[in-house]
Amino acid sequence: MRRLNFHHLHYFWAVAKEGNLTRAAQTLHVAQSALSTQIRALEDQLGHPLFIRSGRNLLLTEAGQLVLDYADSIFALGSELQMTLQGALQANQQLRIGAVATLSRNFQENLLRPFLGRGELRIVLESGGLNDLLERLALHKLDVVLTNQAVSSDAQRSWRCRLLDRQSVCLVGPPRDGEFELQRDLQQARLIVPGRSSDIRSQFDLFCDSHGLRPDICAEVDDMAMLRLLARDSGDMALLPAVVVQDELQAGVLQLYAEIPEIAEQFFAVTLQRHFNLSILEELLA
């Protein structure tokens, strides 16, 4: 049996990711005709068609999807090898972190604080959607993804999802006199809450339903950084983890009215099974 041509496999991988021959050719800086020839050569060697045409796009056949799964693993392993050996030859270490856009900036800073200022360490921090970050993690372009929702392994990826912290969600607002009574004052206040895609929001809605509460929601905000600003500047009550407004609470700009023990935000670190462990990553997760 002829040895697999990894050059052809890389071209197939690029076309499968783009779903379009023209875009893949532009990305690879090769002629479209040359790319088509390479794909046909791979199909001839494997004995199966890998694509079917649908308009201007190319869809994977069953065999094509199987080849793509293997190609993902092969090129991810190659990327891991390259990054690992480069790191071993460099005096300085690099830690590449992806964080979902909705994750508290204060939580991220608290997690990274012991590593800030280390002369031998370079930290690369990227923000984005969970699926995009996991894709970059799978290709070993990131070392860890920080998220506020658990990630389960599937047939293609063996994720390692570690719980880093669990924090109760609080009601905060401007400094006030008198004792805060949860059910009474929650009914009377204007309330800023996370958006409906947030797990905190889902838990809060269940909490309100179970206690017969109908708060006056004046704003729904997906981004925690914006939620923090509105909590600080609007004069309204806000629902969020205390870590989001830790500086404002310490300075007395905001007051913690009440914790809601039934509602919590969890913080996870997602990594991929590696052949070589990064000591700096293990230190972070410890």
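Here are a few questions and answers about aromatic rings and one annotated domain in this predicted model.

Me: Where does UniProt place the feature "domain: HTH lysR-type"?
Reply: Happy to start there. The span in question is 62% helix and 14% strand, and its end C-alpha atoms lie 19 Å apart. The unreviewed UniProt entry puts this feature at residues 4-61.

Me: How many aromatic pairs are there?
Reply: Rings of Phe, Tyr and Trp pair if their centres lie within 6.5 Å. By this rule, the count is 4.

Me: Is the pair of Trp-13 and Phe-75 stacked, edge-to-face or tilted, and why?
Reply: The ring centres of Trp-13 and Phe-75 are 5.0 Å apart, with the planes at 45°. Stacked needs under 30 degrees and edge-to-face over 60. Therefore the pair of Trp-13 and Phe-75 is tilted.

Me: Which helices does that pair link?
Reply: Trp-13 and Phe-75 are 62 residues apart, so to speak in distant parts of the chain. The helices are H1 (residues 6-18) for Trp-13 and, for Phe-75, H4 (residues 62-89).

Me: Is Trp-13 buried or exposed?
Reply: Buried means under 20% relative accessible area. Trp-13 has a value of 15%, so Trp-13 is buried.

Me: What kind of pair do Phe-107 and Phe-267 form, stacked or tilted?
Reply: Both residues are buried. Phe-107 lies in helix H5 and Phe-267 in strand S10, so the pair ties together parts 160 residues apart in sequence. With centres 3.9 Å apart and planes at 15°, the pair is stacked.

Me: Which ring does the charged end of Arg-176 sit over?
Reply: The charged end of Arg-176 is 5.4 Å from the ring centre. The ring belongs to Tyr-257.

Technical notes
Residues are numbered from 1 along each chain as its sequence is written. This is a predicted model: local features need pLDDT of at least 70, side-chain atom pairs count only at pLDDT 80 or more; totals for chains, interfaces and linings use all residues. Side-chain values use heavy atoms; hydrogens and water are left out. UniProt positions are given in the numbering used here, feature names are shortened, and annotations may be inferred rather than shown by experiment. Helices (H or I, at least four residues) and strands (E, at least two) are DSSP runs, numbered from the N terminus. Rings of Phe, Tyr and Trp (its six-membered ring) pair if their centres lie within 6.5 Å; planes under 30 degrees apart count as stacked, over 60 as edge-to-face and the rest as tilted. Buried means under 20% relative accessible area, exposed over 50%, partly exposed in between (1.4 Å probe, protein chains only). A charge sits over a ring if NZ of Lys or CZ of Arg is within 6 Å of the ring centre and within 35 degrees of the ring normal.
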